[in-house]
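Open the model in your viewer and keep the selection tool at hand. The stops below go from the ligand to the domains, then to a sheet and a loop.

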Amino acid sequence: MEHLALSIRVPIEQDNPSIVRDNAKCIKCGMCKEICTNQIGVHGTYTFEETDGLAVCINCGQCANVCPVDSITERYEYPDVRAAVQDKDKVVIVSTSPSVRAALGEEFGMADGSFVQGKMVALLRKLGADYVLDTNFAADLTIVEEASELIERVTKGTAPLPQFTSCCPAWIKYAEIYHPEILPHISTAKSPIGMQGPTIKTYFAKKMGIDPAKIVNVALTPCVAKKFEIRREEMKAAADYLQAEGMRDMDFVITTRELARWGREEGIDFASLEDSDFDKFMGEASGAAVIFGNTGGVMEAALRTAYEYITGETAPDVLFQLEPVRGYDGIREAELKVGNLDVRVAIVYGTANAEKLLADIRNGTKQYHFVEVMTCPGGCIGGGGQPKDLDKDRD
Ligand code: SF4
């Protein structure tokens, strides 16, 4: 690994936008350190002398997810959203990520993996959201952009290969800190939430006749790193377009756990809620977007799209049965025939695994066209803001 002190490009936050710590609650179990070291690959790569006593954080929130005593939690934003829904001058629009609907039920005592999309939408409406949209709408935009960019890179050499996915903000921050040399390889497409925000404040607002200045955009996600992502300098496309200085594309991020907490505080009986549907406009999406939540999902969706663009035919399912690679945890690879092209792909979760893959690419033992990297175990379904399962096997 390049030495951290030589390659820092982004600030190491003192006021972390993603997590907060209450050291008084800490029981020194070491679980946060274990996951940050072995799965994420950050802890242990630096010394506090090098960083003036500050911890390096890529904002994934896995430490909060494994902390058994809430000594580390995500930085709660649901009180801000609650204040916004009580403000008659605000229009609160919540966009929901795919992995929330498969996990929220666990917070209310339902079986793991219960699909509670209808109740999730109903809960948001009951809490006062004016519109409930599906971030899968923007996931489709991300897929089209990533697929088109991949085709350009492969067929015209417009940018270096392999192309890495860009939708995981913790992975992007990891690359910025530890491997700035690979930034030209990372897709220029924004993440689904990065696209959903400005699309709502421009296109949706215009179509629905809403003053964009009144919109409070909320992303409901499994992801703690999105709290960092929406506050990045670049996330102000709507402000640039509308010439509205100070406007952010997405205003708040709340996690699956935060929504459940808010619902419980309001005394809402989740199980008895009648299912509700997303708002129709920007509330519908393709099946491709739904698979974003699992590791390999972004890759599969983009390759299916690239396949159709190149061949004009629907991609056969058999292409996407990726084989695990012996000797690696969390890395899978495959070679696919896309038209006349043999496309080599890899799917990685955990930035510690990405580090191994980058070393192989660097020393020439591995070559790929397209690499998906997701930071959390199993992808966003195992995100830092998902229900805690302190007994789960993290391998
Ligand atoms: Fe967020 Fe998903 Fe990346 Fe985890 S894998 S940091 S949940 S985008």
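Between which domains does the ligand lie, and why? The model is a predicted one. Domain 2 (78-138 + 192-272) and domain 3 (146-188 + 287-382) both contribute residues to the shell around the ligand, so the ligand lies between them.

**Stop 1: the ligand shell**

Select the ligand together with Cys60, Cys168, Ala170, Pro222, Cys223, Ala225, Met374, Thr375, Cys376, Gly379, Cys380 and Gly383, which surround it. Coloured by class, this shell shows 9 nonpolar residues, 3 polar ones and no charged ones.

**Stop 2: helix α7**

From the shell, keep Ala170 and extend the selection to helix α7, residues 169-178. Is this helix mostly covered or mostly open? Mostly covered: 9 of its 10 residues are buried. The buried set is Pro169, Ala170, Trp171, Ile172, Lys173, Tyr174, Ala175, Ile177 and Tyr178. Ala170 is thus listed both around the ligand and among the buried residues of α7.

**Stop 3: the domains**

Colour the protein chain by its domain assignment: domain 1 is 12-74, domain 2 is 78-138 + 192-272, and domain 3 is 146-188 + 287-382. The C-alpha centres of domain 1 and domain 2 are 26 Å apart. Where these two domains meet, 8 residues of domain 1 are in contact with 7 residues of domain 2. On the domain 1 side, the touching residues comprise 4 nonpolar, 3 polar and 1 charged.

**Stop 4: the sheet**

Now show the strands β4, β3, β6 and β7. In that order, these 4 strands form an open sheet with parallel pairing. Which strands stand at the edges? They are β4 (131-134) and β7 (252-255); each has a single partner strand, so one side of each has no neighbour in the sheet. Neighbouring strands are turned by 25° against each other on average, direction ignored.

Select β3, residues 91-96, where 6 of 6 residues are buried. Its two faces are both covered, with Val91, Ile93 and Ser95 on one side and Val92, Val94 and Thr96 on the other. Strand β3 is joined to β4 by 4 bridges, and the two run parallel. Isoleucine 93 has tyrosine 131 in β4 as its bridge partner. Towards β6, strand β3 pairs in the parallel sense over 6 bridges, and threonine 96 is matched with leucine 220 as its bridge partner in β6.

Continue to β6, residues 215-221, which pairs with β7 in the parallel sense over 4 bridges. For valine 218, the bridge partner in β7 is phenylalanine 252. Add helix α11, residues 256-265: this helix packs on the sheet and touches β6 and β7. The direction of α11 makes about 80° with that of β7.

**Stop 5: cysteine 26**

Finally, select cysteine 26. Where is this residue found? Cysteine 26 is in the loop between β1 (19-21) and α2 (31-40). Cysteine 26 has 13 other C-beta atoms within 10 Å and is therefore partly exposed. Draw a distance from its C-alpha atom to that of glycine 383: the separation is 22 Å, for two residues 357 apart along the chain. Glycine 383 leads back to the starting point, as one of the residues that surround the ligand.

Methods:
Residues are numbered from 1 along each chain as its sequence is written. This is a predicted model: local features need pLDDT of at least 70, side-chain atom pairs count only at pLDDT 80 or more; totals for chains, interfaces and linings use all residues. A residue is near a molecule or strand if its C-beta atom, placed from the backbone, lies within 6 Å of it. Ala, Val, Leu, Ile, Met, Phe, Trp, Tyr, Cys and Pro count as nonpolar, Asp, Glu, Lys and Arg as charged, and the others, Gly among them, as polar. Domain bounds come from an automatic or database domain assignment. A residue is buried if 20 or more other C-beta atoms lie within 10 Å of its own, exposed if 12 or fewer, and partly exposed in between; C-beta atoms are placed from the backbone. Two strands pair if DSSP finds at least two bridges between them. Axes are lines fitted to C-alpha atoms, for helices over the stretch in contact, and angles run from 0 to 180 degrees between N-to-C directions.
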